[in-house]
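User: Please take a close look at how the helices pack against one another, and say how far the model can be trusted there.

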Amino acid sequence: MKIYTKTGDEGMTSLYTGERVEKASPRVEVYGTVDEINSALAIARNFSQVPEIRAKILELQKILPRLMADLASIDKNPRITNDDIKNLEDNIDLIDKNLPPLKNFVIPGDTKAGAFLDLARTITRRAERQFYKMSHLESFFEVDRIFLNRLSDYCFMLMRLEDFDAAKKSAVLV
């Protein structure tokens, strides 16, 4: 099978469920942005010096294709679950427990991995805004919207943990 199909040459693409839509449709914008999140996470994972954080990022990267499948599907059951959201929340709470309380705004960039985790956070925020616009025009799964919101928080906490670990030169278990 060739990598190119030529079916998108006229500005249309197929959703996972087979429908043809414009490449500029709100739905395609959202799942394309989720794909960008995955790329930023890949770079963060590559630069992370903390095995536990690399493992957590890889876990996220394995979930994001399910989110993209949800976004590229119409009238199918969601692949993202409430358990996925609960897992993010549990991880956020665990990291928060192991970090000092925030007293100021965080300036990202103490580590390369932390900078890319913060980039993943901001891309996730853009995906959330796009999702909100899409939700006024097309069907969607509420669980996906909530997952995106938690994902941005989780990327923020992973960034804090990565930078904190680098500053302390000792691993903080996640």
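Analyst:
**Confidence and helix packing**

Among the elements of the protein chain, helix H3 (residues 82-97) has the highest mean pLDDT, 98, and strand E1 (residues 12-14) the lowest, 80; pLDDT is the predictor's confidence in each residue, from 0 to 100, and helices (H or I, at least four residues) and strands (E, at least two) are DSSP runs numbered from the N terminus. Over residues 170-174 the pLDDT is below 50, although this stretch has 15 contacts in the model beyond near neighbours in sequence, a contact being heavy atoms within 4.5 Å. Where pLDDT is low, the predicted coordinates should not be read in detail.

This is a predicted model, in which local features need pLDDT of at least 70 and side-chain atom pairs count only at pLDDT 80 or more, while totals for chains, interfaces and linings use all residues. Residues are numbered from 1 along each chain as its sequence is written, and side-chain values use heavy atoms, leaving out hydrogens and water.

The axes of helix H2 (residues 51-71) and H3 come within 12 Å and cross at roughly 155° (axes are lines fitted to C-alpha atoms, for helices over the stretch in contact, with angles from 0 to 180 degrees between N-to-C directions). That makes H2 roughly antiparallel to H3, a term for angles over 145 degrees. In this pairing, Lys56, Glu59, Leu60, Ile63 and Arg66 of H2 meet Asp84, Asn87, Leu88 and Asn91 of H3.

The axes of helix H1 (residues 26-47) and helix H4 (residues 112-135) come within 8 Å and cross at roughly 170°, which means that H1 is roughly antiparallel to H4.

Technical notes
Angles under 35 degrees count as roughly parallel, over 145 as roughly antiparallel, 65 to 115 as roughly perpendicular and the rest as oblique.
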